[in-house]
Amino acid sequence: MGGTFQIDEAQFIEQARQFQLTDRTIAVVKNNAYNYGLEFAVKAFAISGIRAFATTSVDDAVKIRHMCGDKVDIILMNPTTDFKRARMFNLHITLPSRDYYDAYKDELHDIHIHLEYAGLFNRSGLSSIEELEYILNDMNESDLELNFTGLWTHFGYSDEFDGIYETERGMWEQFISDVLELGIKPSIIHAQNSASYVRDGLLDKHSHVRLGIGLYGSKPYADLDDTDFVQSSTLSAPIVQFRRLTAGMTLGYGAAFKADEDCTVAVVDIGYGDGVLRARAGHECEIGGKTYPIVALMMSHMVVLVDDDVEAHMSVYLYNKKLRIDKYTHLGVGANSEQLGALNYQSLGREIIYDV
Ligand SMILES: Cc1ncc(COP(=O)(O)O)c(C=O)c1O
């Protein structure tokens, strides 16, 4: 077997407990819960006290309902046309545009609807208050009653510090005021991801924060205290064999590594096919508590320059409490969620440990 993604369950729960805003946190569990595993993460978040979840997949939303029963709110952030399951499983759905409303307005009754605002990020959502006015006028004329339970947007700039986040936030706050002035009173107003929550606390008029990466123990931006974001996972792999190289010998595709002097390298059973980002190979790994340079990364193998302290039975760590995923994000390897999302669940082993 190749590498292993190991999660310390107690630490995972502890991190979620300490980062969440009690009774006001929607946990983002899209993409297999940032690859911590949907079932594992939802159950652990529920134990930590979280009572609301957001995902992009109807299938995942239904699984969450099966896992948690009717005591939690489940919000679909992608628009869906699966109104049957939305109703049956009491899912909160997103209304992303006037076009969607026009196409499906007769299907939307008796479903919790969250109006989405596109804002500066502009991936999806209503572009202006006029779109909403159009919808309200049409509802009036068609004698249609819809259940606008929620209002939300996504902050795409909350980890930027050049003023653009303030612009984004200002646009959104104006939109909330405009919506309230139209007489709509959503009980759930949510926008803030981890970075926004850390910067601002719960914003005025908001009922919930909608958190991902901080709950999973990674820092949303660099200038934060490690102790507030404790990573519960490690990624490690066994050594397959050692190779002795003499000065001038090369190794790997395109002679990726050339020995400057006689040396030993360890060939490790993990590669980019298991989801290790290629840029991660520009940095170190850890073996027996010491760091060693990675000199090549291939599809199923990684090559590490080692010394005599390294023995065949030792595990090679790419990520652990010291080699934090967020550390490499901030060194430019790729976003936290990019590394987590890339992990290959087909090829990596997975272990949950409970540290009592
Ligand atoms: C719509 C939406 N909300 C919330 C989040 C959570 O963001 P974060 O993981 O930075 O807390 C994400 C993450 O990508 C998202 O796409």
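This passage looks at two helix pairings and then at how two domains meet in a predicted model.

Start with helix α1, which covers residues 9-19, and its partner α3. The two pack with their axes 9 Å apart and at an angle of about 55 degrees. That angle makes α1 oblique to α3, since angles that fall outside the bands for roughly parallel, roughly antiparallel and roughly perpendicular count as oblique. As for handedness, the crossing of α1 past α3 is right-handed. On the α1 side, the residues that take part are E9, F12, I13, A16 and R17. They meet F40, A41, A44, F45, I47 and S48 of α3. Sorted by class, this contact holds eight nonpolar residues, along with one polar and two charged ones.

Helix α3, made of residues 38-48, also pairs up with helix α4, made of residues 58-68. Here the axes come within 10 Å and cross at roughly 45 degrees, and α3 and α4 are therefore oblique to each other. Once again the handedness can be stated plainly: α3 passes α4 in a right-handed crossing. From α3, the contact draws on L38, E39, V42 and K43. Across from them, α4 brings in D60, K63, I64, M67 and C68. The class split for this contact is five nonpolar and four charged residues, with no polar ones.

Moving from helices to domains, the domain assignment divides out two parts of the protein chain: domain 1 spans 21-214, and domain 2 spans 233-353. Their C-alpha centres sit 39 Å apart. Where the domains touch, seven residues of domain 1 are in contact with eleven of domain 2. Together they bury about 700 Å² between them, and carbon and sulfur atoms give 60% of that area. On the domain 1 side, three residues stand out: N35, Y36 and I213 supply 66% of the area this domain buries against domain 2, more than any other three residues.

Methods
Residues are numbered from 1 along each chain as its sequence is written. This is a predicted model: local features need pLDDT of at least 70, side-chain atom pairs count only at pLDDT 80 or more; totals for chains, interfaces and linings use all residues. Side-chain values use heavy atoms; hydrogens and water are left out. Axes are lines fitted to C-alpha atoms, for helices over the stretch in contact, and angles run from 0 to 180 degrees between N-to-C directions. Helices (H or I, at least four residues) and strands (E, at least two) are DSSP runs, numbered from the N terminus. Angles under 35 degrees count as roughly parallel, over 145 as roughly antiparallel, 65 to 115 as roughly perpendicular and the rest as oblique. A crossing is left-handed if the near helix is turned anticlockwise from the far one by less than a right angle, and right-handed if clockwise. Contact means heavy atoms within 4.5 Å. Ala, Val, Leu, Ile, Met, Phe, Trp, Tyr, Cys and Pro count as nonpolar, Asp, Glu, Lys and Arg as charged, and the others, Gly among them, as polar. Domain bounds come from an automatic or database domain assignment. Buried area is the accessible area (1.4 Å probe) that two parts lose on being put together, summed over both.
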